[in-house]
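Dear colleague,

Please find below the structure that I am handing over to you. My findings follow directly after it.

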Amino acid sequence: MIFESDQYYDGFPHAISSENEEKTSFNDYALCNTLAECLYHDISREIFDGSEPALRAVIANGQIKFLARYTLQGACYYEPLGTFPRMPVNVARERAREIYNRYDDNRVPDEEYGAAYENIPF
């Protein structure tokens, strides 16, 4: 790395990293900037969507691949969904939620999710 060329480097705005990923939802801008940052530093990264925790994105070799993560009988599994931008973020979220609801051991069906919190006494 040539350090003199980094004197003007201010980072990649809104790139998703381990410091901000739990509160950052995937969008086209954030994913593109994260890809640019990974290419710039020659690194790979796995990030998760703040809106849908079952949705993961692996950024490596100049590509962004969407994966659905679920736990089955105590083991973690990743199901490939598609690549960005060929697969839009909203479609990836829907498919990740479907896979999670179908396979995950700790799932709460969507129709029961709200009902579980209605009987809290406080």
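**Helix α2 and its surroundings**

In helix α2 of this predicted model, the buried residues are Val89, Ala92, Ala96, Ile99 and Tyr100. These residues lie on the same side of α2, because the arc they cover around the axis is only 100°. Their packing partners are α1 (28-41), β2, β3 and β4 (75-84). The helix itself comprises residues 89-103. At 1.5 Å a residue, its 15 residues should span 21 Å, and the C-alpha atoms at its ends are indeed 21 Å apart, so the two values agree.

**Overall organisation**

The protein chain has 122 residues, of which 30% are buried. Its secondary structure consists of 3 helices and 4 strands, and the order from the N terminus on is α-β-β-β-β-α-α. If one takes the contacts between residues at least 6 apart in sequence, 41% of them join residues at least 24 apart.

**The nonpolar core**

The largest nonpolar core contains 23 residues. Within this core, the residues with the most contacts are Phe26, Leu31, Ile47, Leu55, Ile64, Phe66 and Leu81. At least two core residues come from each of α1, β2, β3, β4 and α2. The largest share is that of α2, which supplies 5 residues. As a general matter, nonpolar side chains in soluble globular proteins tend to be buried together.

**The strands and their hairpins**

Strand β1 (residues 45-48) pairs with strand β2 (residues 55-60) in the antiparallel sense, over 4 bridges. The two strands form a hairpin, with 6 residues between them. Strand β2 also pairs with strand β3 (residues 63-72), again in the antiparallel sense and over 6 bridges. In this second hairpin, 2 residues separate β2 from β3.

Arg56 in β2 may serve as a point of reference when you inspect these pairings. On one strand it stands opposite Phe48, and in β3 it stands opposite Leu67.

Along β1 the side chains alternate between two faces. Arg45 and Ile47 point to one face and are buried, whereas Glu46 and Phe48 point to the other and are not. Such alternation between the two faces of the sheet is what a regular strand shows in general.

Thr71, which is located in strand β3, also deserves a mention. Its relative accessibility is 14%, and as the limit for a buried residue is under 20%, Thr71 therefore counts as buried. Leaving aside residues up to four places away in sequence, Thr71 touches Cys76, Tyr103, Asp104 and Asp105.

**Backbone features in the loops**

Three loop residues should be looked at individually.

- Asn61 lies in the loop between β2 and β3. Its phi is positive, at about 55°, although Asn61 is not a glycine. With a relative accessible area of 80%, Asn61 is exposed.
- Gln73 is placed in the loop between β3 and β4. Gln73 is likewise a residue other than glycine with a positive phi, here near 55°. Its relative accessibility is 76%, and Gln73 thus counts as exposed.
- Pro85 is found in the loop between β4 and α2. The peptide bond that joins Phe84 and Pro85 is cis, with omega at about 10°.

**Confidence of the prediction**

How high is the mean pLDDT of the protein chain, and what percentage of its residues reach 70 or more? The mean is 80, and 75% of the residues reach that level. Among the elements, β2 has the highest mean pLDDT, at 93. The lowest mean pLDDT, 52, belongs to helix α3 (residues 110-113). In general, predicted coordinates should not be read in detail where pLDDT is low.

With kind regards

How values were computed. Residues numbered from 1 in each chain as written. Heavy atoms only, no water. Pairing = 2+ DSSP bridges. Expected span 1.5 Å × (residues − 1). Buried < 20%, exposed > 50% of the residue type's maximum accessible area, 1.4 Å probe, protein only. Arc of directions from axis to C-beta. Contact = heavy atoms within 4.5 Å. pLDDT = per-residue confidence, 0-100. Core = buried A, V, L, I, M, F, W, Y, C linked by side-chain atoms within 4.5 Å.
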